[in-house]
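This report describes selected local features of one protein chain. It takes up charged pairs, cysteines, a pocket and backbone geometry in turn.

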Amino acid sequence: MSDNEIPTIEERENGPLIAKGISTMKAENGNDMEVKAVMGLCRCGHSKNKPYCDGSHKDAGFQSRGGDASGRDRLITYEGAEISITYNPRLCSHAAECARVAGNIFDSTKKPWVQLDNGTVDQVKAVVAACPSGAFALANGDHLLPERAEIEIEKDGPYWVTGPKIECQDAGEGASDGKYVLCRCGLSGNKPYCDGSHKAAGWKS
């Protein structure tokens with residue numbers, strides 16, 4: 001990537017995502033992938049050469065928009081004694097990084113499922129940073145960007161994007177422009193963003 005080339009991702013109408021100027025990308029197994037100046041990435045879920053587009057979207061009748069987005073587009077505030085955060089269900093891709101990093105704080109079997117005082121401030125901040133979709137943010141709106149490849153591919157899930165910009169409407173209220181998740185199963189009702197539909201559908205990559 002040249003010094004003046006800003007990494008971007010563009011939507012091709014009813015077609016793939018076009019990634020330009022990407023310098024780092026990781027495969028589902030966490031290995032570094034070779035990158036090209038311009039790459040067409042599958043988002044219909046049907047390519048035989050994932051993560052790359054092979055034109056299967058045409059036969060599949062893929063549409064860039066359509067469907068009902070999962071999760072309400074609203075900010076929910078969780079308050080603790082020392083730190084508070086916000087959460088937008090619309091943005092959540094159900095990667096479950098929150099439970100992995102701090103299951104003592106984020107436990108879907110409890111009500112409320114977020115109990116900030118069950119852990120430390122550092123744990124809460126680690127979860128906000130780890131959240132790939134930006135569904136979690138500190139109360140001041142900071143999403144705490146992680147150290148990640150510009151594109152990381154979740155197994156049986158979306159593209160985790162950190163850094164590159166995309167020209168599109170916001171994914172939802174309080175969304176981050178520094179990190180977000182892009183649908184690659186073709187099922188999201190909030191395209192180009194992932195809304196977790198792959199989980200409910202049991203989509204496999």
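## Salt bridges

Lys204 and Asp156 form a salt bridge through their side chains, with an N to O distance of 3.7 Å. This contact joins distant parts of the chain, since Lys204 belongs to the segment after α4 (197-201) and Asp156 to the loop between β8 (151-153) and β9 (159-162), 48 residues apart. Lys204 is exposed at 61% relative accessibility, whereas Asp156 is buried at 17%. The model is a predicted one, and it holds eight salt bridges.

A further salt bridge pairs Lys165 with Asp177, with 3.9 Å between the closest N and O atoms. Lys165 is placed in strand β10 (residues 165-166) and Asp177 in the loop between β10 and β11 (179-182), so this pair ties together parts twelve residues apart in sequence. Lys165 is partly exposed, its relative accessible area being 37%, and Asp177 is exposed at 57%.

Within helix α2 (residues 97-102), the side chains of Glu97 and Arg100 meet in a salt bridge at 2.9 Å, N to O. Because Glu97 and Arg100 are three residues apart in this helix, about one helical turn separates them. Glu97 is buried, with a relative accessible area of 14%, while Arg100 is exposed, with 58%. In addition, Glu11, Arg43 and Arg65 are linked in a network of salt bridges.

The three pairs described individually are listed below.

| Salt bridge | N to O distance |
|---|---|
| Lys204 and Asp156 | 3.7 Å |
| Lys165 and Asp177 | 3.9 Å |
| Glu97 and Arg100 | 2.9 Å |

## Cysteines

The structure contains zero disulfides. For Cys42, the nearest cysteine sulfur is that of Cys44, 3.9 Å away, and Cys42 is in no disulfide. The cut-off for a disulfide is a pair of cysteine sulfur atoms within 2.5 Å. Cys42 is buried at 4% relative accessibility. Cys131 is likewise in no disulfide, and the sulfur of Cys92, the nearest from a cysteine, is 6.6 Å away. Cys131 is buried as well, with a relative accessible area of 7%.

## The largest pocket

The largest pocket encloses about 300 Å³ of space. Its lining comprises 17 residues, of which Cys92, His94, Ala96, Cys98 and Trp113 are the closest to the centre. Helix α2 gives the most to this lining, with three residues. By class, twelve of the lining residues are nonpolar, four are polar and one is charged.

## Backbone geometry

Most residues other than glycine have a negative phi, and most peptide bonds are trans. Against this background, four sites deserve mention.

His94, one of the residues closest to the pocket centre, has a positive phi of about 60 degrees although it is not a glycine. His94 is found in the loop between β6 (84-87) and α2, and is partly exposed at 38% relative accessibility. Asn14 also has a positive phi, near 55 degrees. Asn14 occupies the loop between β1 (8-11) and β2 (17-20) and is partly exposed at 26% relative accessibility.

Where do the cis peptide bonds occur? One joins Lys50 and Pro51, with omega about 10 degrees; Pro51 lies in the loop between β4 (38-41) and α1 (56-60). Another joins Lys111 and Pro112, with omega about -10 degrees; Pro112 lies in the loop between α2 and α3 (121-130).

Note on methods. Residues are numbered from 1 along each chain as its sequence is written. This is a predicted model: local features need pLDDT of at least 70, side-chain atom pairs count only at pLDDT 80 or more; totals for chains, interfaces and linings use all residues. Side-chain values use heavy atoms; hydrogens and water are left out. A salt bridge is a side-chain nitrogen of Lys or Arg within 4 Å of a carboxyl oxygen of Asp or Glu. Helices (H or I, at least four residues) and strands (E, at least two) are DSSP runs, numbered from the N terminus. Buried means under 20% relative accessible area, exposed over 50%, partly exposed in between (1.4 Å probe, protein chains only). On a 1 Å grid over the protein atoms alone, a cavity is a set of points where a 1.4 Å probe fits but cannot get out, and a pocket is an open set with protein on both sides within 12 Å along at least five of seven lines; lining residues have an atom within 4 Å of a point. Grid points are joined across faces, edges and corners, and a volume is the space filled by probe spheres set on the points. Ala, Val, Leu, Ile, Met, Phe, Trp, Tyr, Cys and Pro count as nonpolar, Asp, Glu, Lys and Arg as charged, and the others, Gly among them, as polar.
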